[in-house]
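Student: Please take one part of this model and go through it closely. I would like the interior: cavity lining and nonpolar packing.

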Amino acid sequence: GIWMWLSPSGSTLAYGGRDNKVTVRNLDVGTMFEISLGSEIEAVCGGKNWVATSTRDKRLRVHSAQDGDLLHDFFGRGRVKTLWPSSDGSVLAVGGWDKVVKVYDITTGERTHSIRHEARVNAVCGAKKGKMIAVGAGNAVFIYTLSSEPQSPNTPDSDDLLDIEDSGRWEVVHEIETRSDVTALWLSENGITIALGLEDGLSQVLELRDEGVEQLYQFQLQGRVNSLWVTNDCGTMATAGQHPSVVLHDLKAGKVLHELPQEAEVKSISGVDVQLRHSESADVHSGGSSRSSVPAMLAVGGVDCVVSINNLATSEVQYEFEVQAEKDNAFVAKMSARSTAVDGLAGWDDDRLLRPRS
């Protein structure tokens with residue numbers, strides 16, 4: 001399958017899988033480069049100037065998004081299955097089979113925090129520039145806030161560091177039990193709204209309150225939820241998984257907007273958010289506009305080794321990037337651009353301002 005990340009601006013796309021390399025494309029100017037990693041990619045994410053990858057050989061690497069230069073190279077005890085970058089690109093949080101969430105300072109490369117869990121970590125995300133972290137471990141979601149500024153360990157990242165327990169620096173503000181293992185998470189930057197996907201196909205949107213957690217929306221997919229993404233105003237959610245489709249949900253109206261059929265199981269989705277109406281509030285129930293924003297672009301990566309970028313502003317599949325296996329297990333990446341109407345989606349002018357087309 002393909003794991004990929006689309007930058008919030010929609011200008012940078014990074015993806016990879018069994019080809020043992022990550023491809024980084026600048027969609028605005030049409031340039032690209034490839035970074036050979038020597039092992040199958042299991043997760044990809046990025047910041048403004050960097051791209052992070054985890055591979056099956058238990059390595060976590062951070063490269064420059066401009067030229068591919070290696071910035072940081074970490075070795076771990078277990079495979080890293082999930083990555084999350086802070087909104088300002090200064091923090092990288094990772095989790096995986098060693099049951100430990102690790103938080104890194106991208107500038108220095110130091111690991112600043114470790115949070116242990118009793119089950120494998122399948123999903124991690126955060127908010128407030130890394131001061132709040134949500135973790136999906138087994139059939140539970142743990143939401144932490146940083147209670148005080150930690151002291152840096154100032155030692156190289158190694159297996160020995162896993163014996164340092166600094167979880168006391170974090171406060172568990174919510175613990176949510178789920179009916180099956182958590183497989184996907186998203187948390188609003190203000191830390192109020194969380195979306196989660198489960199092994200049994202259930203996706204939920206919850207509001208986090210001081211007195212507890214309130215469910216705002218839920219939807220049942222056919223098969224495991226592999227990935228989900230929500231617009232900044234928490235108005236629209238995209239979910240995808242084992243069932244070959246991407247489902248768009250109107251969270252304010254509490255209904256399905258549209259379903260985008262796919263050729264195979266979807267492993268990852270990522271969007272570019274342009275709101276129909278600009279508002280300072282980003283909460284689902286904020287008292288602001290009743291109209292939900294829709295993603296201007298939605299990137300989809302599947303087990304068929306294809307990444308498609310759907311420009312929902314023009315109702316078109318704008319690009320496809322395909323990774324094909326040859327008989328000798330070498331992989332060849334090729335790109336094709338096409339214009340194909342996506343049925344059932346409203347049309348918009350192609351200026352990323354999302355004005356209704358007259």
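Tutor: Here is the interior, starting with a cavity and moving on to the cores.

This is a predicted model, where local features need pLDDT of at least 70, side-chain atom pairs count only at pLDDT 80 or more, and totals for chains, interfaces and linings use all residues. Residues are numbered from 1 along each chain as its sequence is written, and side-chain values use heavy atoms, leaving out hydrogens and water.

The whole structure holds 3 cavities of 30 Å³ or more. A cavity is a set of points on a 1 Å grid over the protein atoms alone where a 1.4 Å probe fits but cannot get out; lining residues have an atom within 4 Å of a point. Points are joined across faces, edges and corners, and volume is the space filled by probe spheres set on them.

Take the second largest cavity, of about 50 Å³. Its lining includes Lys58, Arg59, Phe74, Phe75 and Tyr104. Strand 7 (59-64), strand 8 (70-75) and strand 11 (100-105) each supply at least two lining residues. Strands are DSSP runs (E, at least two), numbered from the N terminus.

Now the packing. A nonpolar core is a set of buried Ala, Val, Leu, Ile, Met, Phe, Trp, Tyr and Cys residues joined through side-chain atoms within 4.5 Å; buried means under 20% relative accessible area (1.4 Å probe, protein chains only). The largest has 33 residues, with Val135, Ile143 and Leu187 among those with the most contacts inside it. Strand 15 (residues 140-146) gives the most, 6 residues. Apart from this core lies another of 24 residues, including Phe33 and Val44.

Conventions: Buried means under 20% relative accessible area, exposed over 50%, partly exposed in between (1.4 Å probe, protein chains only). Helices (H or I, at least four residues) and strands (E, at least two) are DSSP runs, numbered from the N terminus. On a 1 Å grid over the protein atoms alone, a cavity is a set of points where a 1.4 Å probe fits but cannot get out, and a pocket is an open set with protein on both sides within 12 Å along at least five of seven lines; lining residues have an atom within 4 Å of a point.
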